[in-house]
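Student: I should like to work through this structure with you, beginning with how far it can be trusted and then turning to its parts.

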Amino acid sequence: MKTHKRILSIFLALALACGLLALTSVTVQAAVRPVNSEATLHSAIAAAAVGVIGNPDATPPIADTRDIIQLTGSFACSSAIVIDGKNIILDLNGFTLSANFGVDVRNGSLLLADPGDGAFNVSGQTGGNAVFAFKAQVQVTSVNTSNAARAVTAGTGGVITVFGNVTNSSESDIGVRANDGGKVIVEGAITVGAKGTYLDVAMTPRTQEQFSFNALYPGYQTYKSDTSIVLVRHAPHVFGDAWVGDDDDHWVECICGEKDEVTPHTLEADLAFDETGHWNTCEECDTKISFAAHDFAAAWETDDDSHWHECACGAVSGFAAHAAGATWLYDDDDHWKECECGVVFGLAAHTPSDWLVEVKPTAVTAGSRFKVCTACGFVTESESIPATGTGGGSSGGDYIIKKYVGQLGCYTTYESSFWNWFKYIVLFGWIWMWFI
Ligand SMILES: [Zn+2]
Ligand SMILES: [Zn+2]
Ligand SMILES: [Zn+2]
Ligand SMILES: [Zn+2]
Ligand SMILES: [Zn+2]
């Protein structure tokens with residue numbers, strides 16, 4: 001029994017925990033409110049929650065709690081659609097809502113779930129406007145009025161998007177107005193009556209031609225004051241013939257900044273270069289890509305006549321004709337001279353001189369002699385000369401003693417013999433007697 005009770009209590013605890021988990025994970029589900037008539041539309045707007053436009057990127061994330069008003073059929077609304085202080089999603093669901101007495105949204109939003117799925121066309125007017133927004137965001141498919149002072153007006157903090165055309169066919173009224181920080185985006189065209197005003201920004205009338213292009217809004221004609229802006233889709237684009245490129249792609253560009261034919265560069269196999277550096281070139285657009293200063297290799301490049309340093313791009317540095325260095329280089333067999341690049345000049349076998357006595361032998365001490373290359377001075381051979389010995393009668397005769405003083409075949413000659421010394425002594429004595 002005890003065991004059964006314990007199992008039961010564990011089971012109950014688990015069930016409770018699961019129940020709590022389920023409770024805490026419940027989120028506020030936006031209501032979907034189906035409408036198919038003017039009456040049900042007004043009821044749905046009245047019943048809709050205040051709603052918040054979600055932002056998953058905020059910290060902490062803001063959940064979207066907007067109610068969805070979903071069309072279940074097409075219908076027209078002959079009274080004003082007014083929303084104040086609520087954020088609502090309008091799901092056209094493939095149907096058409098004709099707002100024939102204007103749309104007025106304040107302190108909230110009326111945004112389309114999918115602008116391409118159905119149509120939200122506005123005509124007539126509420127107040128002086130067919131579509132009006134004040135501290136509110138509104139999206140509509142088109143605006144076409146013949147009796148509004150302004151087809152579209154975005155006042156303080158208002159943002160209105162018209163995915164199609166704006167038409168105000170009344171004689172002398174205004175197409176679009178943005179003032180006090182309002183913003184209007186028109187993806188189609190604005191058309192006004194013969195004496196009408198195309199649009200005004202901060203109450204300053206502008207003609208269709210008084211636009212500029214702004215890099216912040218590529219593809220749009222920009223009509224702007226300090227705080228208010230109207231953007232009208234610039235179409236058709238006129239793309240230039242010349243390629244425009246950055247490091248990755250090339251394209252053709254309309255004066256409005258819109259790009260077309262964006263294509264990655266096709267790099268030529270070889271680097272191009274001038275005296276300042278080298279770069280890749282696109283075969284299509286000729287854009288210089290990845291410019292860099294030359295990096296000349298430390299090793300020499302050579303041909304029969306010249307030497308130089310080379311960069312990977314083919315640029316050369318230090319180009320000069322080969323020239324032999326002043327110094328002989330040698331090994332045991334040969335001598336030669338070298339250019340600074342290492343090219344060899346005058347490679348030839350050593351040409352040994354006659355024997356040159358360095359140390360004259362005496363009766364008791366050995367001497368030495370050697371041969372040098374007459375060109376490079378390399379000692380090709382050396383050996384000792386035996387002592388002449390005390391018993392021998394040889395005075396040694398004349399020895400030519402050449403003293404090696406350098407590498408380039410320079411030797412100083414000393415003559416050393418008894419008879420030479422005798423001649424000097426006789427000559428000195430004769431000069432001495434002459435003076436006294
Ligand atoms: Zn353009
Ligand atoms: Zn290119
Ligand atoms: Zn280079
Ligand atoms: Zn050289
Ligand atoms: Zn030599």
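Student: What is the mean pLDDT of the protein chain?

Tutor: This is a predicted model, and pLDDT expresses the predictor's confidence in each residue. Of the residues in the protein chain, 83% reach 70 or more. The mean pLDDT of the chain is 86.

Student: Where does pLDDT stay under 50?

Tutor: Where pLDDT is low, the predicted coordinates should not be read in detail. One such stretch has 5 contacts beyond four places in sequence, and another has 10. These stretches are residues 392-398 and residues 405-410.

Student: Which strand gives the largest share of the largest nonpolar core?

Tutor: The core holds 57 residues, and Val131, Val152, Val176 and Val230 touch the most other members. Beyond its neighbours within four places in sequence, Val230 is in contact with residues including Val176, Leu199 and Tyr223. The largest share of the core is 7 residues, and they come from strand E9, residues 129-140.

Student: Which strands stand at the edges of the open sheet of 3 strands, and why is one side of each left without a neighbour?

Tutor: The order in this sheet is E31-E32-E33, with antiparallel pairing. Each edge strand has a single partner strand, so one of its sides has no neighbour in the sheet. The edge strands are E31 (329-330) and E33 (344-349).

Student: Which residue in E33 stands opposite Glu338?

Tutor: Strand E32 covers residues 334-338 and runs antiparallel to E33, with 4 bridges joining the two. Opposite Glu338, in E33, stands Val344.

Note on methods. Residues numbered from 1 in each chain as written. Chains lettered and ligands numbered in written order. Predicted model: local features only at pLDDT ≥ 70, side-chain atom pairs only at ≥ 80, totals over all residues. Pairing = 2+ DSSP bridges. Core = buried A, V, L, I, M, F, W, Y, C linked by C-beta atoms within 7 Å. Buried ≥ 20, exposed ≤ 12 C-beta atoms within 10 Å, placed from the backbone. Contact = placed C-beta atoms within 7 Å. pLDDT = per-residue confidence, 0-100.
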